Amino acid sequence: MKYTEISHFSHPQHKLKFEYSEFPFKCDGCKEVGIGSRYKCTMCDFDLHMHCAIPAPTISHSFYTKCSFQFFSRPPGDKPRFCNACERDVTGFVYHCKDCGFDLHPCCAKLPMVLNDGEIKLYLYRKVSASCLKCGRKGRSWTYRSSCKKYNLHVACVKDMLMENWQGYIGEKSARKFHTRIPSLKNTLLIHNKRKSKAKIGWEMAGLALQFVISAVLGDPTTLIAGVIGSMISKAW
């Protein structure tokens, strides 16, 4: 459920208002990057992912059928913890299973099992035996795989790519130095051009798959991040 304004325990001094932004932000709840829909305090430059702003007290996940994940505002215990979905450190809000010791960032816990926009369909797997388009390795973390089984992207690799490209911005949250907007994905689709070579079409499909996964990893599967894909692929691949 979406509210236009909420009160939140992590920021009791002001109410948070719902807004949509095409600029990246660092969530003050889970400490991970986000984009698109969020709850924000404009007076304090305080941001929360949708999933961090309105968390469920407990959740279950189809990948861990024996687990019950409880929401924590900070990592439990005194040992470093990492997210079992993306392998990144847990430093803020988290879903934790006390019995099994598994941890999930709120946005990772809510990753869609299927991403589908008509052009390409991607399914989320706990592990796949095929190589990731980014790192070339198998079975690193949760993975999105296309229905044609040609394109595989680790959730961990997508987050690594985002951090590499947005490090300067995220490191200086209040500076707001990152100015890349996100045009509509539909404006970038040239796959219907039959004159393109099969290799070119293959790379475009891979880029399209990457865009879908990035939008989901950032906590807003409706956000289509076409504007940053070209530079990310050229730097990381």
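Reader: Which cysteine sulfur is closest to that of cysteine 100, and how far off is it?
Author: In this predicted model, the closest one is in cysteine 67, at 3.3 Å. That is too far for a bond, because a disulfide needs the two sulfur atoms within 2.5 Å.

Reader: Is cysteine 100 buried or exposed?
Author: Cysteine 100 is partly exposed, with a relative accessible area of 39%.

Reader: And what about cysteine 27?
Author: The closest cysteine sulfur to that of cysteine 27 is in cysteine 52, 3.8 Å away, which is also too far for a bond. Cysteine 27 is buried, at 1% relative accessible area.

Reader: How many disulfides does that leave in the count?
Author: The count comes to 0 disulfides.

Reader: Changing topic. What is the strand order in the open sheet of 4 strands?
Author: The order is E9-E10-E11-E12, and the pairing is antiparallel. Strand E9 (114-116) and strand E12 (152-154) are the edges, each pairing on one side only. On average, neighbouring strands here are turned by 20° against each other, direction ignored.

Reader: How many bridges join E11 and E12?
Author: Strand E11, residues 143-146, pairs with E12 over 3 bridges. Arginine 145 stands opposite asparagine 152 of E12.

Reader: Which residues make the nonpolar surface patch?
Author: Met113, Val114, Tyr123 and Tyr125 make that patch, which covers about 310 Å².

Reader: Where is tyrosine 123, then?
Author: Tyrosine 123 lies in strand E10, residues 121-125. Its side of the story on exposure: tyrosine 123 is partly exposed, with a relative accessible area of 30%.

How values were computed:
Residues are numbered from 1 along each chain as its sequence is written. This is a predicted model: local features need pLDDT of at least 70, side-chain atom pairs count only at pLDDT 80 or more; totals for chains, interfaces and linings use all residues. Side-chain values use heavy atoms; hydrogens and water are left out. Patches are made of residues with over 30% relative accessible area and no salt bridge: like charges are joined within 9 Å, nonpolar side chains (Val, Leu, Ile, Met, Phe, Trp, Tyr) within 5 Å. Accessible areas come from the Shrake-Rupley method with a 1.4 Å probe; for residues, only the protein chains shown count as cover. A salt bridge is a side-chain nitrogen of Lys or Arg within 4 Å of a carboxyl oxygen of Asp or Glu. Helices (H or I, at least four residues) and strands (E, at least two) are DSSP runs, numbered from the N terminus. Buried means under 20% relative accessible area, exposed over 50%, partly exposed in between (1.4 Å probe, protein chains only). Two strands pair if DSSP finds at least two bridges between them. Axes are lines fitted to C-alpha atoms, for helices over the stretch in contact, and angles run from 0 to 180 degrees between N-to-C directions.
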